[in-house]
Amino acid sequence: MILEALELPEHLQCHIKLSKKAFVEHAKHKNAVQRLLQEQVASLHIVAHLTPDNSNIAAYKNAQYEYLELMVLQCELKEKDIRNSQLNALHRLFHQHIPYPLVVEISAPHREQVQWSLAHKTINQSDAESALLVLSDIHTTHWFSTAKFDILTRELKEKLKLSQQNHSHLFALYDSLVQHFIAFLLASNLKKTTLGEPNAAYSAERSQDEILKKVLQLKQNIAALEAKRDKTTQFNEKVALNVKVQALKNALQAIDLK
C-alpha cells in the first residue's frame, strides 16, 4: 500500500528479504527483540531503494545529516493481537537498525490495516565516526484501513506521491514526506477534516512539529488526569480534577482556533 501511495517507478522498487536475526544481533536487549520479532513478525522486506544513481536525486551531507540513500521497509505481522507498546518498539527498532532514512509500513493483513512511520536521523555528534545515527522523533500514523480510507488518510496518500516532493536532494525529499506526516498527525489529533496548507499561525518560532508536540503532550496530560479522576472516590478531588481536565481541553481547542 505504501508503494501505491508513493507512486514509485518500477526501477526504484525491489523485493529484498531481511533476516530477523540481523536485527537481533545489533539490538541492545537481544532477548526482548528476538521474542518480539518471533512472536509478532511474519516477514520483513525492503520494497524500494532510492539512490542518486537510480533516482537522479542528489545525496546530501553536512555536519548534522547524511542522506545517501532512502529505503522503504514493509513488515507484515502475524495473525495475533499486538500491543501499542510492541508496535512502537518495532517502528523504533527498524529506524534504529538501518542507517538510512526509512519509510516504514507495518501491516496486519488479517485486519486489513497498516501503519506508516518516518524519522529523521542525525550524525552522532559525540562520535562522528560511529555508524550509529541518532533518531529524531518518530512520526507514526494510527492504524488505518487498507480497504477504505477516511478523508484525512486519502488526502495524505495523495500528498505522498514521489512526483510532488522536493527533489533538490535526498534530505529535501525525505523532509517533504516528514512534513506531510506532521500535518496529517496534527490534523488527526485536532480532529480537522482536511490537511490543507500550513496555517498562517505557524510562524518560524512555532513550527508544525512544535505545535504537534504540544498537542500530544496536552492529550497525554488530559488522559492521565481523566484516569486519576475516574479512580478517585473523593467528590472534592473529582471536581478539582475535572476543572484541570477542562482547562487542558480548552487549551487544546485554542490551538485549533488559532
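## A tour from histidine 139 outward

Start by selecting histidine 139, which sits in strand E8. The model on screen is a predicted one. Is histidine 139 buried or exposed? Its relative accessibility is 8%, and buried means under 20%, so histidine 139 counts as buried.

Next, show what surrounds this side of the strand. Setting aside neighbours within four places in sequence, histidine 139 is in contact with Trp116, Ser117, Leu118, Val178, Phe181, Ile182, Leu185, Asp209 and Leu212.

**The second largest pocket**

Keep histidine 139 selected and add Ile138, Thr140, Leu185 and Leu216. Together with His139, these are the residues nearest the centre of the second largest pocket, which has 17 lining residues. Its volume is about 450 Å³. Colour H5, E8, H7 and H8 to see elements that each give at least two residues to this lining. Sorted by class, the lining holds 8 polar, 5 nonpolar and 4 charged residues.

**The largest pocket**

Now select His26, Ala27, Lys28, Gln96 and His97. Of the 21 residues that line the largest pocket, these five lie nearest its centre. The space in this pocket comes to about 620 Å³. Helix H3 (30–40), helix H5 (84–97) and strand E8 (133–140) each contribute at least two residues to the lining. Which element supplies the largest share of that lining? It is H5, with 6 residues. By class, 13 of the lining residues are nonpolar, 5 are polar and 3 are charged.

**The nonpolar cores**

Move on to Leu8, Val72, Val103, Trp116 and Leu160. These have the most contacts inside the largest nonpolar core, a set of 50 residues. Several elements each supply at least two residues of this core, including helix H1 (2–6), strand E2 (41–50), strand E5 (70–77) and strand E7 (113–123). Further along the chain, helix H6 (151–159), helix H7 (170–189), helix H8 (208–231) and helix H9 (235–257) do so as well. H7 gives the largest share of the core, 12 residues.

Zoom in on leucine 8. Not counting residues up to four places away in sequence, leucine 8 touches Leu3, Gln13, Ala48, Leu50, Val72 and Leu162. Apart from the largest core lies another core, of 24 residues. To find this other core, select Val24, Ala27, Val33 and Ala108, which are among its members. Ala27 has already appeared on this tour, as one of the residues nearest the centre of the largest pocket.

Terms used: Residues numbered from 1 in each chain as written. Predicted model: local features only at pLDDT ≥ 70, side-chain atom pairs only at ≥ 80, totals over all residues. Heavy atoms only, no water. Core = buried A, V, L, I, M, F, W, Y, C linked by side-chain atoms within 4.5 Å. Buried < 20%, exposed > 50% of the residue type's maximum accessible area, 1.4 Å probe, protein only. Helix = DSSP H or I, 4+ residues; strand = E, 2+ residues; numbered from the N terminus. Contact = heavy atoms within 4.5 Å. 1 Å grid on protein atoms, 1.4 Å probe; cavity = no way out; pocket = protein on both sides within 12 Å on 5 of 7 lines; lining within 4 Å. Points joined across faces, edges and corners; volume = space filled by probe spheres on them. Nonpolar A, V, L, I, M, F, W, Y, C, P; charged D, E, K, R; others polar.
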